[in-house]
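Me: I've just opened this one and I'm not sure how to read it. Could you walk me through it?

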Amino acid sequence: MSTETLEWPQATKWLHTCLAILITFELMSELDMKAIWKRKGELHFRHLLFHAHMWVGMATAVVIVLFWLHIYYNKQVRAHLFPYRGSYLQNICLDITSLTNGSFPKSGLRGGLPGLVQGFGLLAVTGMACTGFIMFFLIPNFGISAPIHIYQIPKKIHDYISEFVWVYWWVHIGAALLHFLRSPRIPKIFKV
Ligand code: HEM
Ligand code: HEM
């Protein structure tokens, strides 16, 4: 089984840093935002957060499209995030075995457990971006009046996927911090 590890390409580091900041903002803004059409007695700040959530969400969607283009053109990044064959797949078993012995998986482009989890995370945020993108065009006049009924379909899917994104956010950052205690190479993903 392969334990070879490749460094992160510069483009991956840039895209990841943008995604980490934008998705974190989206999750935090959601905690206190209020739709503009639900006006009565609401603080202006809450409506401002709602506006910010929509526009930053659209910017996040652009970054996610760029991320998928990057995955399309870079074989190693693709095999890392979707480790379905070869040493990238075998590393999953290796990682589970070493976790039971108390040691963390190696960092970098090598598939395995971290790659698999990160790939799922990317799929989850892509789901948020797709549904949010549709909602954006169903909200009339920048949210002055309530959207038509069909809006509830992407909205319910958006709400549902958000549970996975929250779990991913906690698990991913938790794992990165734990990892950092053992491997000084971890912060390299942010060294652009
Ligand atoms: C919340 C949104 C985030 C998403 C969707 C996300 C997604 C990803 C993905 C897909 C990767 C694999 C590398 C790549 O292809 O870019 C990755 C790696 C990594 N992320 Fe994040 N990330 C997020 C936030 C964060 C935050 C806030 C931190 C800071 C603690 C972080 C720390 C790391 C580290 C250290 C790695 C490298 C791990 C390794 O070497 O295996 N991420 N992340
Ligand atoms: C791309 C990353 C995005 C993330 C991570 C994200 C995250 C979230 C979360 C966690 C919620 C709360 C769900 C719940 O109540 O359970 C939410 C709600 C919502 N999001 Fe997003 N969002 C994103 C993009 C967008 C975009 C592009 C729009 C554009 C319109 C948008 C519009 C909304 C709206 C309208 C709500 C519901 C507010 C309400 O009426 O309660 N989101 N989002």
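Me: Let's start with ligand 2. How many residues of each class are in the shell around it?
Reply: Sorting a shell by class is a handy start. Here, the shell around ligand 2 has 14 nonpolar, six polar and three charged residues. Keep in mind that this is a predicted model.

Me: Which residues are closest to ligand 2?
Reply: Out of 23 residues that surround ligand 2, the closest are Glu26, Gly57, Gly132, Phe136 and Ser162. Two or more shell residues come from each of H1, helix H2 (44-73), H5 and H6. H5 has the largest share, with seven residues.

Me: And ligand 1? Which residues come nearest there?
Reply: His16, Ala20, Ile23, Ser107 and Gln118, from the 21 residues around ligand 1. At least two shell residues each come from helix H1 (10-30), helix H3 (75-81), helix H5 (112-138) and helix H6 (152-182). H1 gives the most, six residues.

Me: What classes make up the shell around ligand 1?
Reply: Ligand 1 has 13 nonpolar and eight polar residues around it, and no charged ones.

Me: Now the core. Which residues make up the largest nonpolar core?
Reply: The general idea is that in soluble globular proteins, nonpolar side chains tend to be buried together. In this model, the largest nonpolar core has 10 residues: Leu15, Leu22, Ile23, Ile64, Phe67, Ala124, Val125, Met128, Ala129 and Ile161. H1, H2 and H5 each supply at least two of them, and H5 gives the most, with four.

Me: What is Ile23 in contact with, leaving aside its neighbours within four places in sequence?
Reply: Thr60 and Val125. Val125 belongs to that core along with Ile23.

Methods: Residues numbered from 1 in each chain as written. Chains lettered and ligands numbered in written order. Predicted model: local features only at pLDDT ≥ 70, side-chain atom pairs only at ≥ 80, totals over all residues. Near = placed C-beta within 6 Å. Nonpolar A, V, L, I, M, F, W, Y, C, P; charged D, E, K, R; others polar. Core = buried A, V, L, I, M, F, W, Y, C linked by C-beta atoms within 7 Å. Buried ≥ 20, exposed ≤ 12 C-beta atoms within 10 Å, placed from the backbone. Contact = placed C-beta atoms within 7 Å.
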